[in-house]
Amino acid sequence: NNFEIIKSNAEEKNTVSAEETAKANALLKAKDVFDNLADKNTVVLGADTVVVINGKILGKPKTLTAHAV
């Protein structure tokens with residue numbers, strides 16, 4: 001039951017909906033990590049979070065203060 005957290009370097013993208021954006025980015029991140037692994041006999045789990053307010057997808061906070069809000 002060993003696991004390792006590996007950060008993806010994939011550039012996130014926004015699609016037509018929050019649900020599709022989260023799905024697309026999770027797949028993009030998992031594929032990026034898998035493609036850079038030496039051992040291809042490895043299970044990779046990708047995940048993404050999308051924050052939506054009033055139907056608008058918010059991007060990543062640009063400052064630490066914005067992140068805390």
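Reader: Where is the place of Asn-54?

Author: The structure is a predicted model. Asn-54 has a positive phi of about 50°, although Asn-54 is not a glycine. Its place in the chain is the loop between strand 1 and strand 2.

Reader: Is Asn-54 buried or exposed?

Author: A residue counts as exposed when its relative accessible area is over 50%. Asn-54 has a relative accessible area of 81%, and is therefore exposed.

Reader: Which pattern does the protein follow along the sequence?

Author: The protein contains 2 helices and 2 strands. Read along the sequence, these elements follow the pattern α-β-β-α.

Reader: What percentage of the residues in the protein is buried?

Author: The accessible surface of the protein comes to about 6100 Å², and carbon and sulfur atoms hold 56% of that surface. Buried means a relative accessible area under 20%. Of the 69 residues in the protein, the buried share is 14%.

Reader: Which residues form a nonpolar patch on the surface with about 240 Å² of accessible area together?

Author: One member of the patch is Leu-58, a residue of strand 2, which spans residues 56–58. Leu-58 is partly exposed because its relative accessible area is 37%, a value between the limits of 20% and 50%. The complete patch consists of Val-51, Ile-53 and Leu-58.

Reader: How many salt bridges does a search of the whole structure find?

Author: Among the salt bridges is one between Lys-29 and Glu-12. Another joins the side chains of Glu-19 and Lys-23. For the whole structure, the number of salt bridges found is 5.

Reader: How far apart are the closest N and O atoms in the salt bridge of Lys-29 with Glu-12?

Author: A salt bridge requires a side-chain nitrogen of Lys or Arg within 4 Å of a carboxyl oxygen of Asp or Glu. Lys-29 and Glu-12 satisfy this, since their closest N and O atoms are separated by 2.7 Å. The pair links distant parts of the chain, with Lys-29 in helix 1 and Glu-12 in the segment before helix 1, 17 residues apart. For the closest N and O atoms, the distance is 2.7 Å.

Reader: Is Lys-29 buried or exposed?

Author: Lys-29 belongs to helix 1, residues 18–35. Its partner Glu-12 is partly exposed, because the relative accessible area of Glu-12 is 31%. Lys-29 has a relative accessible area of 18%, under the limit of 20%. Lys-29 is therefore buried.

Reader: Which residues is Lys-29 in contact with, leaving aside its neighbours within four places in sequence?

Author: One of these residues is Glu-12, whose side chain also makes a polar contact of 2.7 Å with that of Lys-29. The full set is Ser-8, Ala-10, Glu-12, Ala-47 and Asp-48.

Reader: How many residues apart in helix 1 are Glu-19 and Lys-23?

Author: The side chains of Glu-19 and Lys-23 meet in a salt bridge of 3.2 Å, N to O. Glu-19 is exposed because its relative accessible area is 52%, whereas Lys-23 counts as partly exposed at 47%. About one helical turn separates the two because, counted in residues, their spacing in helix 1 is 4.

Reader: What is the N to O distance in the salt bridge where the side chains of Lys-23 and Glu-20 meet?

Author: Glu-20 is partly exposed, with a relative accessible area of 37%. Lys-23 and Glu-20 lie 3 residues apart in helix 1, and so about one helical turn separates them. Their side chains meet with an N to O distance of 3.9 Å.

Reader: Which residues do salt bridges that share partners join into one network?

Author: Lys-29 and Glu-12 form a salt bridge, and this pair belongs to the network. The network as a whole joins Glu-12, Lys-29 and Asp-48.

Reader: Where is Asp-48 found?

Author: Asp-48 counts as buried because its relative accessibility is 18%. Beyond residues up to four places away in sequence, Asp-48 touches Glu-12, Thr-21, Ala-22, Asn-25, Ala-26 and Lys-29. Asp-48 itself is in the loop between helix 1 and strand 1 (51–53).

Reader: What is the length of the polar contact between the side chains of Asp-48 and Lys-29?

Author: The side chain of Asp-48 is also joined to that of Asn-25 by a polar contact of 3.5 Å. With the side chain of Lys-29, the polar contact of Asp-48 is 2.6 Å.

Note on methods: Residues are numbered from 1 along each chain as its sequence is written. This is a predicted model: local features need pLDDT of at least 70, side-chain atom pairs count only at pLDDT 80 or more; totals for chains, interfaces and linings use all residues. Side-chain values use heavy atoms; hydrogens and water are left out. Buried means under 20% relative accessible area, exposed over 50%, partly exposed in between (1.4 Å probe, protein chains only). Accessible areas come from the Shrake-Rupley method with a 1.4 Å probe; for residues, only the protein chains shown count as cover. A polar contact is a pair of N or O atoms within 3.5 Å; within protein, one must be able to donate a hydrogen and the other to accept it, and residues adjacent in sequence count only if both atoms are side-chain atoms. Contact means heavy atoms within 4.5 Å. Patches are made of residues with over 30% relative accessible area and no salt bridge: like charges are joined within 9 Å, nonpolar side chains (Val, Leu, Ile, Met, Phe, Trp, Tyr) within 5 Å.
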